[in-house]
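Subject: Structure handover and what was found in it

Dear colleague,

I am handing over the structure below, and after it I set out what was found when going through it. Please keep it open beside this message as you read.

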Amino acid sequence: MRFLCLIYTSIDVDGRLDQSEMNHLIGEHFVYDEGLRQDGTLIVSDALELRNKSIVIRPDGDAFSVTDGPFVETKEYLAGFYLIDAPDLESATAIAKRIPSVRYGAIEIRPVRTLTLRGDLAGNR
């Protein structure tokens with residue numbers, strides 16, 4: 001079963017780590033990634049650019065509004081992710097607890113849902 005582990009960090013943590021600490025954390029992620037690769041658990045992982053480089057698109061009548069930054073009402077933002085293969089949620093939780101960034105924020109674990117068309121809808125596409 002596939003699980004998406006979303007890494008959230010707090011806006012209060014930004015800038016708290018100096019370059020040496022950040023390099024150490026990145027190194028920990030590289031080691032952690034390699035371990036997951038070797039045991040066949042890792043599908044893909046990546047960090048995301050800082051939140052000031054993102055945009056948010058929302059419906060606005062028949063058009064869309066586009067704003068800079070992830071200005072969703074929250075003090076945390078999505079910093080990266082792991083897409084893993086684990087037998088169940090308990091196993092995925094054990095894997096996510098070892099993600100190095102967990103000590104600086106939160107990890108949300110979501111089972112990946114495989115969408116399929118059923119019944120009449122399938123024939124109409």
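In what order do the four strands of the open sheet lie, and is their pairing parallel or antiparallel? The order is 2-5-1-6, and the pairing is antiparallel. Strand 2 (residues 42-47) and strand 6 (residues 105-111) are the edge strands, each of them pairing on one side only, and from one strand to the next the twist averages 20 degrees.

Before going further, please bear in mind that this is a predicted model. The chain has a mean pLDDT of 86, with 86% of its residues reaching 70 or more. Confidence is highest in helix 2 (residues 89-96), where the mean is 96, and lowest in helix 3 (residues 120-123), where the mean is 58. Where pLDDT is low, the predicted coordinates should not be read in detail.

The sheet can be followed one pair of strands at a time. Strand 2 and strand 5 are joined in the antiparallel sense by five bridges, and here L42 has I84 in strand 5 as its bridge partner. Strand 5 also pairs with strand 1, again in the antiparallel sense, over nine bridges, and in this pairing I7 stands opposite G80 of strand 5. Strand 1 is then joined to strand 6 by seven bridges, the two running antiparallel, with F3 standing opposite P111 in strand 6.

Two helices lie across these strands. Helix 1 lies across strand 1, strand 2 and strand 5, and runs at about 25 degrees to strand 5. Helix 2, for its part, lies across strand 1, strand 5 and strand 6, and runs at about 155 degrees to strand 6.

Which residues touch the most other members of the largest nonpolar core? That core has 14 residues, and the ones with the most such neighbours are C5, L36, Y82, I84 and I99. Strand 1 (2-10), helix 1 (19-38), strand 5 (76-85) and helix 2 each supply at least two residues of this core. If you would like to look at one member closely, L36 is a suitable choice: apart from its neighbours within four places in sequence, L36 is in contact with T41, L42, Y82, I84, I95 and R98.

Y82 appears again when the aromatic rings are examined, where the count comes to one aromatic pair. This pair is formed by Y32 and Y82, and it is edge-to-face, with 5.6 Å from centre to centre and 80 degrees between the planes. Because Y32 lies in helix 1 and Y82 in strand 5, the pair ties together parts that are 50 residues apart in sequence. Both partners are buried: Y32 has a relative accessible area of 11%, and Y82 has a relative accessibility of 2%.

Finally, is S101 buried or exposed? S101 is found in the loop between helix 2 and strand 6, and it counts as buried because its relative accessibility is 15%, where the cut-off for buried is under 20%. Leaving aside its neighbours within four places in sequence, S101 is in contact with I7, L25 and H29. One of these, I7, is the residue that stands opposite G80 in strand 5, which may help you to find the place in the model.

With kind regards

Methods. Residues numbered from 1 in each chain as written. Predicted model: local features only at pLDDT ≥ 70, side-chain atom pairs only at ≥ 80, totals over all residues. Heavy atoms only, no water. pLDDT = per-residue confidence, 0-100. Core = buried A, V, L, I, M, F, W, Y, C linked by side-chain atoms within 4.5 Å. Buried < 20%, exposed > 50% of the residue type's maximum accessible area, 1.4 Å probe, protein only. Contact = heavy atoms within 4.5 Å. Phe/Tyr/Trp six-rings, centres within 6.5 Å; stacked < 30°, edge-to-face > 60°. Pairing = 2+ DSSP bridges. Axes fitted to C-alpha atoms, helices over the stretch in contact; angles between N-to-C directions.
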